[in-house]
Amino acid sequence: MISIRHLTKNYGSNCALDDVSFEIQSGETVGFLGPNGAGKSTTMNILTGYLSADAGLVSVSGIDIVSDPLGAKKLIGYLPEQPPLYLDMTVNEYLKFTYELKGCTLPRGPHLDEICEVTKINDVRKRLIKNLSKGYRQRVGIAQALIGNPEVIIFDEPTVGLDPKQIIEIRNLIRTLGKNHTVILSTHILQEVQAVCDRILIINKGKIVADEKTENITRVVENNRRFNAKICGPQKETLATLKTLPGVVYAEALAEKDGDAYTYMIESEFGVDIRKKLFHTLAERGWALIGLEALGLSLEDIFITVVEKTENTVQRHTRQTGKKSRLRTKTTLESELADTLVSDAEKKKEDEAPLEEND
């Protein structure tokens, strides 16, 4: 459906995109992630025909965005971070205006009725847009992106500034749209990507540094290899014992205390369940285990580690522990997954055929 090959874009001496290549299949919902300034917006602006690239090819359903920009744009619906709304129009006026602007040939009345039903804005169709809440404005923005029934829909930060209820509603709407469209979702809310996307692309400093299916990452995230344990016993001796426990690859004492119990973060080898061994070892020493919480791994952990790895840094933020988060060196769980994601992305780039001059 979408093919981006060897895309390069420079702003003066700043390289915004450096030989970016990826493909998105029909019906996929893809999360496009990256820190500020990584190249997300530049990529989307080139894909929608708003910007030109210095080099590379972009095609939508086989239509080149440069040689046939109108043909490609007809296949794309786009909701930028700031919805392109005319505040002095009513919702009906705005949607009719957008319908004409896009040169849509579908029956206008039934088509707009269907879109308003899907986006749940029927109740506000006669109201001025400037009098709508931010949540409804986002829905109107999504409605304009759906006019013409485009095969590809691109969302740039669609839930910024919304309250929790509105965020859930927009996520559900995106999930529904993903059943019949190819969707690209750019957001800083990583739980959003995990909730609605089939695949995750991470870009950093103009390069694709990770490209993996969400289910594969989630499988690792949900594998309980990391625990918080509350143990009654001398802290130094307990920590030393935990570090030598078979199957443990990392242990750390956290800044939490519950009476005479200290809290420790413990990480195990892949496929090793340390809970029984931990219980018996502590019982032999007379140290009571009064709490054991499985932590798993969040998409935020993965994202931060991948970005930092590609920036050659060696520290990351720990999970919140009820107090201010601290910095510590990366543990094996993040490092292993980050290594895999980055190396897989590099291999895909190596396997990508070079762009021929006659392409």
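In the predicted model, Phe-32 is a buried residue, with a relative accessibility of 2%. Phe-22 is likewise buried, its relative accessible area being 8%. Because burial is assigned under 20% relative accessible area, Phe-32 at 2% and Phe-22 at 8% both fall into that class.

Three aromatic pairs are counted. In one of these, Phe-22 is paired with Phe-32 in a tilted arrangement, with 6.0 Å from centre to centre and 45 degrees between the ring planes. Distant parts of the chain are linked by this contact: Phe-22 belongs to strand 2 (residues 14–24) and Phe-32 to strand 3 (residues 29–33), the two residues being ten apart.

A further pair is formed by Tyr-86 and Phe-97, whose geometry is edge-to-face, with a centre-to-centre distance of 5.5 Å and an angle of 85 degrees between the planes. Tyr-86 is located in the loop between strand 6 (76–79) and helix 3 (91–101), whereas Phe-97 is in helix 3; the pair therefore ties together parts that lie eleven residues apart in sequence. With respect to solvent accessibility, Tyr-86 is partly exposed, at a relative accessible area of 47%, and Phe-97 is also partly exposed, at 32% relative accessibility. Tyr-86 and Phe-97 belong, together with Tyr-94, to one aromatic cluster.

The tilted pair of Phe-22 and Phe-32 is thus made up of two buried residues, at 8% and 2%, whereas the edge-to-face pair of Tyr-86 and Phe-97 involves two partly exposed residues, at 47% and 32%.

How values were computed: Residues are numbered from 1 along each chain as its sequence is written. This is a predicted model: local features need pLDDT of at least 70, side-chain atom pairs count only at pLDDT 80 or more; totals for chains, interfaces and linings use all residues. Side-chain values use heavy atoms; hydrogens and water are left out. Rings of Phe, Tyr and Trp (its six-membered ring) pair if their centres lie within 6.5 Å; planes under 30 degrees apart count as stacked, over 60 as edge-to-face and the rest as tilted. Helices (H or I, at least four residues) and strands (E, at least two) are DSSP runs, numbered from the N terminus. Buried means under 20% relative accessible area, exposed over 50%, partly exposed in between (1.4 Å probe, protein chains only).
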